[in-house]
Amino acid sequence: MKKNILVTGAGALLGQGILRLLQVSDFDKKIFTADPDPRSTGHWLGDFAITIPKVSDANYIDAIIKIIEDHKIDAVLVGTDVELPILAKYKKEFLENYNCKIIVSDEEVINIANDKFLTAEFLQKNEFPFPLSVMANDKNKLEGIAEKLGFPLFAKPFDGARSLGIKKIENHDELMEIYDPNSNLVVQQFLPENEGEFTCGCVVVDGKCVAIVTLKRDLRDGNTYRAYRDDKTSEYDQFIIPIAEKLNPDGPVNFQFRISDGKPVIFEINGRFSGTTPLRHFFGFNEVEALLKYYLFNEKIQTPKLKNGVVLRAWSDLFINEQEFIQLSEKNYLDHPTAVFHNFTLLND
């Protein structure tokens, strides 16, 4: 039976990565794409493109409901961070009223993942390694973390993404410069990069981590542009699995960590698919396909047989027919986009 799948965030790298994996997933489907911008690249990675309001607009949820009703959508995959809280809020209602599965975790998990201070608190409370953290709006606690850890320290927006807004604090004067009663910065211990930085994707269903892929990565502008997997990298899985199960997301979750005293110290959680989700397919696991088959066809998620190697990321290009581009801009929907796509077919090898 053909399934209708909606992917939001067609203009985001996350949404486009999800779409690429959906393209090569082995079941009969029609792919619907949604984004506020009709020019979004991801609109040409599916079969039916729809422009929608921004998540901040009052009619956002009504627009999603209309798409689900009109097109009998079976599952929604969330392609942007900003949509996670509201879709988590409505996920139960969508399942009960429209038999549509939104693959998103519960609100509590999303809140923990979206707030770096709450992330550290969650890890500390459950006795996992954690980065000592204080908010920059508390002068006494800033003094305390400096006295306890010394310098350098890291300051970053508690709700930031990638490497945006990160500042390395080298001394007491710099620390006092960021103090503000209304600050949104969290100050954390500096985690050494001697052994590199890691990104770990887990799939959790019914409280059990059923699949995990840990990669070492090189960053550029906050994004992974090289990813590595070898036997040593996979040894960190045993540390991450209990954390993933304690957090108990619904489906995908991503952990970013560095190594301190031989153990992973998580500094960021993404309660969703991640930018490295498509890279994991090269190593042997399509988590988008696995989760959709689980939720829609009741197929058990098998432990993936993973390969060692390196993924080198590269640009790819799409050519769009002028009339289709104009049509989507004018009509807010386009059936059967036809893009010339030259890269991700390598995943079939």
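Asp-74 sits in the loop that runs between helix α2 and strand β4, the strand being residues 75-77, and the model in which this loop is seen is a predicted one. Because its relative accessible area is 18%, and buried means under 20%, Asp-74 counts as buried. When its neighbours within four places in sequence are set aside, the contacts of Asp-74 are with Lys-2, Lys-3, Asn-4, Asn-99, Cys-100, Lys-101 and Leu-296. As for a residue with which a distance can be given, Ala-113 is 39 residues from Asp-74 in sequence, and the two C-alpha atoms are 26 Å apart in space.

From this loop the reader can turn to helix α2, which spans residues 60-71, and to helix α3, which spans residues 84-98; these two helices pack at an angle of about 30 degrees, and their axes lie 12 Å apart. The crossing of α2 with α3 is right-handed. On the side of α2, the contact is made by Tyr-60, Ile-61, Ile-64, Ile-65, Ile-68 and Glu-69, while α3 contributes Ile-86, Leu-87, Tyr-90, Phe-94 and Tyr-98. Sorted by character, the residues of this contact comprise ten that are nonpolar, none that is polar and one that is charged.

Leu-87, one of the α3 residues in that contact, deserves a separate look. Is Leu-87 buried or exposed? With a relative accessibility of 0%, Leu-87 is buried, because buried means under 20% relative accessible area. Apart from residues up to four places away in sequence, Leu-87 touches Tyr-60 and Ile-61, and also Val-78, Ile-102 and Val-104. Of these, Tyr-60 and Ile-61 are among the α2 residues that make the contact between the helices. Phe-48 is 39 residues away from Leu-87 in sequence, with 21 Å between the two C-alpha atoms.

Two of the residues touched by Leu-87, Val-78 and Val-104, lead on to the empty space inside the model. Rolling a probe the size of a water molecule over the atoms shows where empty space is left. A search of the whole structure finds two cavities of 30 Å³ or more, and the largest cavity holds about 50 Å³ of space. Which residues line the largest cavity? Its lining is made up of Val-78, Leu-84, Ile-103, Val-104, Ser-105, Asp-250, Pro-252, Gly-271, Arg-272 and Phe-273. In character, the lining residues of the largest cavity divide into six nonpolar, two polar and two charged.

Note on methods. Residues are numbered from 1 along each chain as its sequence is written. This is a predicted model: local features need pLDDT of at least 70, side-chain atom pairs count only at pLDDT 80 or more; totals for chains, interfaces and linings use all residues. Side-chain values use heavy atoms; hydrogens and water are left out. On a 1 Å grid over the protein atoms alone, a cavity is a set of points where a 1.4 Å probe fits but cannot get out, and a pocket is an open set with protein on both sides within 12 Å along at least five of seven lines; lining residues have an atom within 4 Å of a point. Grid points are joined across faces, edges and corners, and a volume is the space filled by probe spheres set on the points. Ala, Val, Leu, Ile, Met, Phe, Trp, Tyr, Cys and Pro count as nonpolar, Asp, Glu, Lys and Arg as charged, and the others, Gly among them, as polar. Axes are lines fitted to C-alpha atoms, for helices over the stretch in contact, and angles run from 0 to 180 degrees between N-to-C directions. Helices (H or I, at least four residues) and strands (E, at least two) are DSSP runs, numbered from the N terminus. A crossing is left-handed if the near helix is turned anticlockwise from the far one by less than a right angle, and right-handed if clockwise. Contact means heavy atoms within 4.5 Å. Buried means under 20% relative accessible area, exposed over 50%, partly exposed in between (1.4 Å probe, protein chains only).
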